[in-house]
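Visitor: I have a structure open and would like to go through it. Can we take it topic by topic?

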Amino acid sequence: MSTAIGSVRRVGTEETFGIPELLDAWRGLSRSVWASQDLELVRSSGMSYHGQRLMDGLLELGEGRLAKMDEVGLDFAILSLCSPGVQLFDPETASDMAELANDRLAEQVRAHPDRFGGLAVFAPHSKRGVGEIERAMTDLGLNGLIVNSHTDGHYFDEPQFWDHLEAAEALGAPIYIHPRTLPDAIGGPFSVYHLSRAAWGYAVETATHAFRLIVSGVLDRFPKLQIVLGHMGEGIPFWLYRIDYWNGKHQGNTAPKLEMKASEYFKRNFTITISGVYQRSSLDLSLTELGDERIMFATDYPYQPMSEAVNFMDAQTHLSRETLERIMFRNAERVFKLDRGD
Ligand code: MN
């Protein structure tokens with residue numbers, strides 16, 4: 001049974017942009033001797049055709065971006081600043097850059113409210129980040145937050161970030177935890193074969209962040225906090241049995257005692273997107289584990305072409321119309337409050 005797929009609204013939830021000031025600041029850092037594997041992309045970007053095309057794609061917003069969306073029938077894009085966002089900078093520089101990037105994003109959303117939404121960045125390592133979360137969600141009317149995994153090797157289960165989490169929970173702001181490379185201190189084994197990036201290291205890093213949020217008990221402290229993970233949940237749906245089995249033995253011994261099983265937090269506090277994982281068995285496994293209200297469409301543009309995501313979902317003719325609509329737009333409308341009307 002095939003579905004009349006052409007008429008289903010498409011809302012992309014991981015649609016990336018850059019601003020010139022951010023890319024310039026990264027280029028400045030990349031001239032240092034800092035061995036951060038996050039800077040590899042910047043160091044190589046000016047030297048290759050692919051790298052330059054990526055930078056051009058990141059900077060293209062407004063009519064240019066809308067034309068790209070129209071080519072593949074992407075109705076709405078929730079834009080977010082490219083990884084690793086502001087998190088390479090010192091707290092003050094990061095806070096200034098976050099405010100600038102969020103202002104630019106809000107301009108795009110205001111100019112095209114029927115085509116663009118946006119996720120705000122903030123400085124996790126500054127108390128100014130808390131104020132920026134509030135400003136972005138109220139004054140700027142953005143749809144949620146994005147963070148690029150660790151900040152200086154620290155993760156959101158640690159108490160210095162709880163004010164940020166508390167603000168996000170209170171404002172109903174979902175936090176998209178997007179990948180970056182692993183912290184410098186543990187990145188050594190990932191420094192060869194381009195391991196540190198999207199082929200493998202990103203998933204290791206980002207799944208680790210999510211796992212820490214679950215097993216630390218921080219989601220008992222912030223039970224309404226909503227987290228979004230891209231790349232089909234960074235592999236976590238595949239691991240739920242093993243996570244429950246072993247964390248169940250660790251709870252109350254070598255890990256905090258939780259109110260629920262680890263997998264139950266994943267099903268209550270997390271929504272995943274399909275960005276960059278166009279593999280039917282992975283989608284079907286995720287649907288089996290999470291149900292169809294916890295999976296959202298995303299294209300990962302400009303790192304991958306929008307058409308790959310669109311063509312993949314167009315081929316999923318085994319899904320019911322109801323499930324397809326939830327993945328393609330209804331879940332995003334609920335999670336990111338796209339109908340807030342401001
Ligand atoms: Mn991505």
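Guide: What follows is a short chat about the metal site, the core, the salt bridges and the surface.

Visitor: What kind of model is this, and how are residues numbered?
Guide: This is a predicted model, in which local features need pLDDT of at least 70 and side-chain atom pairs count only at pLDDT 80 or more, while totals for chains, interfaces and linings use all residues. Residues are numbered from 1 along each chain as its sequence is written, and side-chain values use heavy atoms, with hydrogens and water left out.

Visitor: Which residues are the protein donors of the manganese ion?
Guide: They are Glu 14 (OE), His 178 (NE2), His 231 (NE2) and Asp 300 (OD), lying 2.0 to 2.8 Å from the ion. Donors are N, O and S atoms within 2.8 Å of the metal (3.2 Å for Na, K and Ca); water is not among the atoms, so sites may look incomplete.

Visitor: How are the donor residues spaced in sequence?
Guide: The spacing is E-x163-H-x52-H-x68-D. His 178 is in strand β5 (residues 175-178) and Asp 300 is in the loop between β8 (295-296) and α13 (306-314), so this pair, 122 residues apart, links distant parts of the chain. Helices (H or I, at least four residues) and strands (E, at least two) are DSSP runs, numbered from the N terminus.

Visitor: Are His 178 and Asp 300 buried or exposed?
Guide: Both His 178 and Asp 300 are buried. Buried means under 20% relative accessible area, exposed over 50%, and partly exposed in between (1.4 Å probe, protein chains only).

Visitor: New topic. Which residues touch the most other members of the largest nonpolar core?
Guide: Ile 175, Phe 266, Leu 283, Met 313 and Phe 336 do, out of 101 residues in that core. Helix α5 gives the most to this core, with 7 residues. A nonpolar core is a set of buried Ala, Val, Leu, Ile, Met, Phe, Trp, Tyr and Cys residues joined through side-chain atoms within 4.5 Å.

Visitor: What is Leu 283 in contact with?
Guide: Leaving aside neighbours within four places in sequence, the contacts of Leu 283 include Met 232, Ile 274, Phe 312 and Ile 327. Contact means heavy atoms within 4.5 Å.

Visitor: How many salt bridges does the structure hold?
Guide: It holds 21. A salt bridge is a side-chain nitrogen of Lys or Arg within 4 Å of a carboxyl oxygen of Asp or Glu.

Visitor: What does Glu 99 pair with?
Guide: Glu 99 forms a salt bridge with Arg 128, with the closest N and O atoms 3.0 Å apart. Glu 99 lies in helix α5 and Arg 128 in helix α6 (residues 128-137), so the pair ties together parts 29 residues apart in sequence.

Visitor: And what about Asp 157?
Guide: Asp 157 forms a salt bridge with Arg 212, the closest N and O atoms being 2.8 Å apart. Asp 157 lies in the loop between β4 and α7, and Arg 212 in helix α8 (residues 201-215), so this pair ties together parts 55 residues apart in sequence. Asp 157 counts as buried at 14% relative accessibility, whereas Arg 212 counts as partly exposed at 29%.

Visitor: Last one. Which residues make the nonpolar surface patch?
Guide: Tyr 241, Tyr 245 and Trp 246 make a patch of about 390 Å². Tyr 241 is in helix α10 (residues 236-250) and counts as exposed, at 65% relative accessibility. Patches are made of residues with over 30% relative accessible area and no salt bridge: like charges are joined within 9 Å, nonpolar side chains (Val, Leu, Ile, Met, Phe, Trp, Tyr) within 5 Å. Accessible areas come from the Shrake-Rupley method with a 1.4 Å probe; for residues, only the protein chains shown count as cover.
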